[in-house]
Amino acid sequence: KTHGSRFAVGDYWGPCPEPESQGIGGGADDMFSSYAVMGQWLVDMKIVADDAFENTLGYDEGDIITGMTSINGGTVREDQINDTYWTQIGRCPIDHYVTLSEYAGDLEKIHNNAEVDLYINEWGPTAGFGGSLNDSDRANSIFRVYKIFSDKSYIKGVNYWQAVSGTYAFENIMNHNTFALYESSKQIERYYKNTGRIKI
């Protein structure tokens with residue numbers, strides 16, 4: 001509410017990603033007592049965000065797309081959160097890291113459970129392929145996963161996780177000293193140009 005200048009019409013708002021990481025269950029340190037409680041928390045966060053954008057900052061309904069908080073794709077795949085919550089939110093944003101052979105089937109399960117359009121807020125070859133990939137292998141991996149995305153009309157937006165450094169930074173698509181783009185980045189650019197899917 002106090003940083004209205006940071007927003008513009010067409011923005012996507014997704015605070016507090018991967019809330020499952022705060023714990024679900026009966027433990028003293030768990031933020032949520034159940035997945036149902038987390039589902040309601042996601043709905044409530046969208047309601048509060050919509051109210052702030054519309055009634056405090058003066059945006060019209062839909063000017064800022066809210067409800068974009070990512071949860072783990074496996075949570076939706078296993079139907080831990082009832083589709084009732086996703087219907088209220090209107091979309092299902094996920095972070096999903098699985099092997100290439102699992103991706104297409106997982107997306108079908110996730111979409112069937114959520115019953116709304118999917119947004120891939122985060123993905124990269126870390127868990128799916130493991131190890132340090134050279135750029136050619138990374139480009140091939142990106143091409144193959146994006147081919148799966150492009151065949152799914154219910155996937156409305158895709159964001160690639162760009163790790164910057166560290167032992168497990170297998171997603172690198174650029175030189176972080178010169179900012180020169182690697183060949184793998186062109187696969188991402190090609191996806192947006194060919195599908196017109198929203199970049200988030």
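**Entry 1. Arg138**

I began with Arg138, which I located in helix α6. The model I am reading is a predicted one. I asked whether Arg138 is buried or exposed. Its relative accessibility is 6%, so I entered Arg138 as buried; the cut-off for that class is under 20%. I then took a distance from this residue. Arg138 and Ile148 lie 10 residues apart in sequence, and their C-alpha atoms are 16 Å apart in space.

**Entry 2. The nonpolar core**

I next looked up the largest nonpolar core, which holds 36 residues. Which of its members touch the most other members? I noted Trp86, Leu107, Trp123, Tyr146, Phe149, Ile155 and Val158. Several elements each give at least two residues to this core: the helices are α1, α3, α4 (100–114), α6 (135–150) and α7 (183–195), and the strands are β2 (92–95), β3 (118–122) and β4 (155–158). Helix α6, where I had found Arg138, is thus among the contributors to the core.

I followed Trp86 further. Setting aside residues up to four places away in sequence, I listed its contacts as Leu42, Ile71, Val76, Ile81, Arg91, Cys92, Pro93, Ala114 and Val116.

**Entry 3. The largest cavity**

I searched for enclosed space and recorded 2 cavities of 30 Å³ or more. The largest cavity contains about 70 Å³ of space. Which residues line the largest cavity? I wrote down Trp13, Pro15, Leu42, Met45, Lys46, Ala49, Thr66, Gly67, Met68, Thr69, Trp86 and Ile89. Trp86 therefore appears in this lining as well as in the core list. By class, I have 8 nonpolar, 3 polar and 1 charged residue in the lining of the largest cavity.

I also checked which elements supply this lining. Helices α1 (35–56) and α3 (83–89) each provide at least two residues, and α1 has the largest share, with 4 residues.

**Entry 4. Lys46**

Lys46 is one of the residues lining the largest cavity, and I placed it in helix α1. Is Lys46 buried or exposed? I read a relative accessibility of 14%, so Lys46 counts as buried. Apart from neighbours within four places in sequence, Lys46 is in contact with Thr66, Gly67, Gln88, Ile89 and Arg91. Among these, Thr66, Gly67 and Ile89 are also in the lining of the largest cavity, and Arg91 is also a contact of Trp86.

**Entry 5. The second largest cavity**

I found about 30 Å³ of space in the second largest cavity. I listed its lining as Asp50, Phe53, Glu54, Asp60, Gly62, Asp63 and Ile64. By class, this lining comprises 2 nonpolar, 1 polar and 4 charged residues.

**Entry 6. The pockets**

I turned to open space. The largest pocket has a volume of about 270 Å³. Which of its 13 lining residues are closest to its centre? I noted Gly14, Met68, Ser70, Asn121 and Asn159. The lining of the largest pocket divides into 6 nonpolar, 4 polar and 3 charged residues. Met68 also lines the largest cavity.

For the second largest pocket I recorded a volume of about 160 Å³. Lys1, Phe7, Trp13, Pro15, Asp44, Met45, Val48, Ala49, Ala52, Phe53 and Leu57 form its lining. I counted 9 nonpolar, no polar and 2 charged residues there. Trp13, Pro15, Met45 and Ala49 occur in this list and also in the lining of the largest cavity, while Phe53 recurs in the lining of the second largest cavity.

Key. Residues numbered from 1 in each chain as written. Predicted model: local features only at pLDDT ≥ 70, side-chain atom pairs only at ≥ 80, totals over all residues. Heavy atoms only, no water. 1 Å grid on protein atoms, 1.4 Å probe; cavity = no way out; pocket = protein on both sides within 12 Å on 5 of 7 lines; lining within 4 Å. Points joined across faces, edges and corners; volume = space filled by probe spheres on them. Nonpolar A, V, L, I, M, F, W, Y, C, P; charged D, E, K, R; others polar. Core = buried A, V, L, I, M, F, W, Y, C linked by side-chain atoms within 4.5 Å. Buried < 20%, exposed > 50% of the residue type's maximum accessible area, 1.4 Å probe, protein only. Contact = heavy atoms within 4.5 Å.
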